Protein chains: 2
Amino acid sequence: MPVKIKAYLQEKGINPSMQRVAVMHYLLNNFTHPTVDEIHSNLSDSIPTLSKTTVYNTLKVLVDNGAALQLTIDEKNTRYDGNITPHAHFICLGCGCVHDVEPIKLDEVSLSMYKNLRITETQVYYKGFCEKCYQEKLLKEAENKK
Amino acid sequence: MPVKIKAYLQEKGINPSMQRVAVMHYLLNNFTHPTVDEIHSNLSDSIPTLSKTTVYNTLKVLVDNGAALQLTIDEKNTRYDGNITPHAHFICLGCGCVHDVEPIKLDEVSLSMYKNLRITETQVYYKGFCEKCYQEKLLKEAENKK
DNA sequence: AATTAAAATTGTAATCATTACAAATTGGTA
DNA sequence: TACCAATTTGTAATGATTACAATTTTAATT
């Protein structure tokens with residue numbers, strides 16, 4: 001697996017340092033759309049010297065070279081995704097969890113209206129409540145009616 | 001016009017204070033998808049005592065009551081939109097300008113797969129280069145080839 | 001194996017948007 | 001006028017991100 005990740009980074013034109021392989025490995029094995037903090041604290045166990053600056057630097061390299069996606073779905077923290085195939089995202093306004101959802105079919109007809117805009121990237125975000133948080137919300141609302 | 005904005009806020013259940021009317025008025029007359037700073041510095045001319053905290057508070061009230069949209073399209077600053085009709089947004093990676101674009105047609109079929117997610121809001125973001133920045137980019141790239 | 005230069009990593013300090021909070025102000029009501 | 005609640009204001013704190021200089025690693029060359 002680490003060998004494959006090394007080759008994967010090289011394909012993308014990224015020098016596969018130990019830290020970069022570790023971050024990429026984390027992204028490809030955790031589907032939580034992690035924040036910088038999440039990545040850093042989890043990798044600190046196996047790489048005690050890992051600095052947060054390196055995680056920032058590495059994610060910038062990955063994103064700039066098309067090996068990861070940067071999501072602005074969460075106002076608090078930037079989130080990252082190692083899944084670069086087209087898909088959309090859902091964030092729960094209760095617990096903040098982020099899930100992949102099916103890609104929508106882009107309406108090329110309406111997009112072609114904007115010939116003066118060179119679109120390089122599309123992000124589709126859904127916001128709402130996951131099942132668990134929705135149930136909790138219903139309970140709370142019922143409490144308040146008493 | 002200010003009278004209409006007052007009524008509009010009241011319809012949304014918002015107490016139409018002078019500051020709130022001013023912010024709403026700004027949003028409805030400027031299609032730049034402004035940041036807090038832009039709103040504050042522009043309104044400071046006519047309301048010298050306006051504090052930035054009030055702009056933050058007011059925008060929160062507007063968003064919470066459905067009178068404005070909060071956009072997370074720009075990693076640097078949160079942007080706000082007084083146009084609450086369904087539409088998508090484009091941000092230029094060169095100059096940072098944000099434009100409205102046609103709403104895409106949501107693919108209800110694929111969304112219905114996620115019955116366990118209660119979706120309350122959809123945001124569609126396109127990133128790329130506006131005409132001006134695209135031309136500048138082409139010029140720079142030509143320079144570098146020399 | 002030693003030398004060297006470039007690239008990558010690290011830690012600290014700075015930046016800057018946003019939030020917390022307490023004091024002051026405003027507006028409506030008795 | 002006096003009072004209460006809502007709103008506004010200014011200041012200070014928070015916290016994510018960036019800047020930067022020093023250190024370490026890597027890879028190539030002798």
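Student: The crossing of H2(A) and H3(A), which is it, right-handed or left-handed?
Tutor: Right-handed. A crossing is left-handed if the near helix is turned anticlockwise from the far one by less than a right angle, and right-handed if clockwise. Helices here are DSSP runs of H or I with at least four residues, strands are runs of E with at least two, and both are numbered from the N terminus.

Student: What am I looking at, and how are things numbered?
Tutor: A predicted model, in which local features need pLDDT of at least 70 and side-chain atom pairs count only at pLDDT 80 or more, while totals for chains, interfaces and linings use all residues. Residues are numbered from 1 along each chain as its sequence is written, chains are lettered from A and ligands numbered from 1 in the order in which they are written, and side-chain values use heavy atoms, with hydrogens and water left out.

Student: OK. At what angle do H2(A) and H3(A) pack?
Tutor: About 110°, with the axes 11 Å apart; H3(A) is residues 36-44. Axes are lines fitted to C-alpha atoms, for helices over the stretch in contact, and angles run from 0 to 180 degrees between N-to-C directions. The two helices are therefore roughly perpendicular. That label covers 65 to 115 degrees; under 35 counts as roughly parallel, over 145 as roughly antiparallel, and the rest as oblique.

Student: Which residues meet there?
Tutor: From H2(A), Ala22(A), Val23(A), Tyr26(A) and Leu27(A); from H3(A), Glu38(A), Ile39(A), Asn42(A) and Leu43(A). Contact means heavy atoms within 4.5 Å. By class there are six nonpolar residues, one polar and one charged. Nonpolar means Ala, Val, Leu, Ile, Met, Phe, Trp, Tyr, Cys and Pro; charged means Asp, Glu, Lys and Arg; the others, Gly among them, are polar.

Student: How do H2(A) and H4(A) pack?
Tutor: At an angle of about 70°, with their axes 10 Å apart. That makes H2(A) roughly perpendicular to H4(A). Gln19(A), Arg20(A), Val23(A), Met24(A) and Leu27(A) of H2(A) touch Thr54(A), Thr58(A), Leu59(A), Val61(A) and Leu62(A) of H4(A). The classes in this contact are six nonpolar, three polar and one charged.

Student: And chain B, how do H2(B) and H3(B) cross?
Tutor: At roughly 110°, with axes that come within 11 Å. H2(B) is thus roughly perpendicular to H3(B), and the crossing is right-handed. Ala22(B), Val23(B), Tyr26(B) and Leu27(B) contact Glu38(B), Ile39(B), Asn42(B) and Leu43(B). These divide into six nonpolar, one polar and one charged.

Student: Switching to DNA. Which residues come nearest to strand C?
Tutor: Ser17(A), Gln19(A), Thr54(A), Tyr56(B) and Thr78(B), out of 16 around DNA strand C. A residue is near a strand if one of its heavy atoms lies within 4 Å of it. Of the atoms of strand C within 4 Å of the protein, 73% are sugar and phosphate.

Student: Which side chains have a polar atom by a phosphate oxygen of strand C?
Tutor: Among them are Arg20(A) at 3.0 Å, Thr49(A) at 3.1 Å and Tyr56(B) at 2.8 Å. A polar contact is a pair of N or O atoms within 3.5 Å; within protein, one must be able to donate a hydrogen and the other to accept it, and residues adjacent in sequence count only if both atoms are side-chain atoms. Two or more residues of the surface near strand C come from each of H2(A) (18-29), H4(A) (52-64) and H4(B) (52-64).

Student: Which element gives the largest share there?
Tutor: H4(A), with three residues. The surface near strand C has two nonpolar, 11 polar and three charged residues.

Student: Then strand D, which residues are closest?
Tutor: Tyr56(A), Thr78(A), Ser17(B), Arg20(B) and Thr54(B), with 16 residues surrounding DNA strand D. Sugar or phosphate makes up 76% of the strand D atoms within 4 Å of the protein, and the rest belong to bases.

Student: How far are the phosphate oxygens of strand D from the polar side-chain atoms of Arg20(B) and Thr54(B)?
Tutor: 2.9 Å for Arg20(B) and 2.8 Å for Thr54(B). For Ser17(B), an N or O atom of the side chain is 2.3 Å from a phosphate oxygen of strand D.

Student: Which helix gives the most to the surface near strand D?
Tutor: H4(B), with three residues.
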